[in-house]
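User: Hey, got a minute to walk through this model with me? I'd like to start with how the helices pack.

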Amino acid sequence: MDVKKVTIQNYNKIASQYNTTNHDHFWINEFEFFRENLKGTNVIDLGCGAGRDAEVFIRNNFDYIGIDLSEGMLKVAKKRNPEGKFLQMDFNNLKFGDKSFDGFWAAASFLHVPRKEMLDVLLEAKRTLKDNGLGFVSIKRKLNFEEGIITQNKYVGKIERFFSFYSKNEFTGYLRKAGFKIINFMTEIENDERKTEWLCFFVKKQ
């Protein structure tokens, strides 16, 4: 099974409904830390989805680019943020030169990357960062399931998406192997039935 293809197809299917249920700014503390510690304004949003975070970056006068593989999500993001710049692109293969951005923002997106690809994705993100550039990554904490396709009855009925989960120590290892310095760590508990715990890492390119 092509897990990337399945995940993108399902995001295309739920894009409109997803936007109506993911409208309020969630990463409030994380955005404030990111803004205060970023040197510059040139930011890439890796997996921008329906454009919720784009709205915050654009409102705060960042030079923002959002990328996503889902055409459906990008369509919603563009409608929601007509002044924003959005491109269909895979964060496994970013079409930008080395040292293009002051920072990258990867909120709830790298959790769709298989473990075997995670180091390459992190290295690709780092490649596009300027020296001493800042990155943000949020993933879900691992409980009793490591990675695979998860089927849910959500948004429009049955949907299938690939997820990978990590402990704090596991993901710290990936970040360090990719050559990042971790400068801060936060957690957030989502107000859902599972009380999902998010692990939030702030990193700098060494």
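User: What's the handedness where H5 and H6 cross?

Analyst: The crossing of H5 and H6 is right-handed. Keep in mind that this is a predicted model.

User: OK, and at what angle do the axes of H5 and H6 cross?

Analyst: Roughly 40°, with the axes of H5 (residues 115-127) and H6 (residues 168-177) coming within 9 Å. Angles under 35 degrees would count as roughly parallel, and H5 and H6 are therefore oblique to each other.

User: Which residues make the contact?

Analyst: On H5, Arg115, Met118, Leu119 and Leu122. H6 brings in Glu170, Phe171, Tyr174, Leu175 and Lys177.

User: How do the residues of that contact divide into nonpolar, polar and charged?

Analyst: There are 6 nonpolar and 3 charged ones, with no polar residues in the contact of H5 with H6.

User: Switching to the sheet. What's the strand order?

Analyst: E3-E2-E1-E4-E5-E9-E8, so to speak left to right as written; these 7 strands form an open sheet with mixed pairing.

User: Which strands stand at the edges?

Analyst: E3 (85-88) and E8 (180-189). Each has a single partner strand, so one side of each lacks a neighbour in the sheet. From one strand to the next, the twist averages 15°.

User: How do E8 and E9 run, parallel or antiparallel?

Analyst: Antiparallel, with 9 bridges joining E8 to E9 (residues 197-205). Glutamate 188 stands opposite tryptophan 198 in E9.

User: Last topic, charges. How many salt bridges are there?

Analyst: The count comes to 13 salt bridges. One joins the side chains of glutamate 32 and arginine 35, at 2.7 Å from N to O.

User: Where do glutamate 32 and arginine 35 sit?

Analyst: In helix H2 (residues 28-37), 3 residues apart, which means about one helical turn separates them.

How values were computed
Residues are numbered from 1 along each chain as its sequence is written. This is a predicted model: local features need pLDDT of at least 70, side-chain atom pairs count only at pLDDT 80 or more; totals for chains, interfaces and linings use all residues. Side-chain values use heavy atoms; hydrogens and water are left out. Axes are lines fitted to C-alpha atoms, for helices over the stretch in contact, and angles run from 0 to 180 degrees between N-to-C directions. Helices (H or I, at least four residues) and strands (E, at least two) are DSSP runs, numbered from the N terminus. Angles under 35 degrees count as roughly parallel, over 145 as roughly antiparallel, 65 to 115 as roughly perpendicular and the rest as oblique. A crossing is left-handed if the near helix is turned anticlockwise from the far one by less than a right angle, and right-handed if clockwise. Contact means heavy atoms within 4.5 Å. Ala, Val, Leu, Ile, Met, Phe, Trp, Tyr, Cys and Pro count as nonpolar, Asp, Glu, Lys and Arg as charged, and the others, Gly among them, as polar. Two strands pair if DSSP finds at least two bridges between them. A salt bridge is a side-chain nitrogen of Lys or Arg within 4 Å of a carboxyl oxygen of Asp or Glu.
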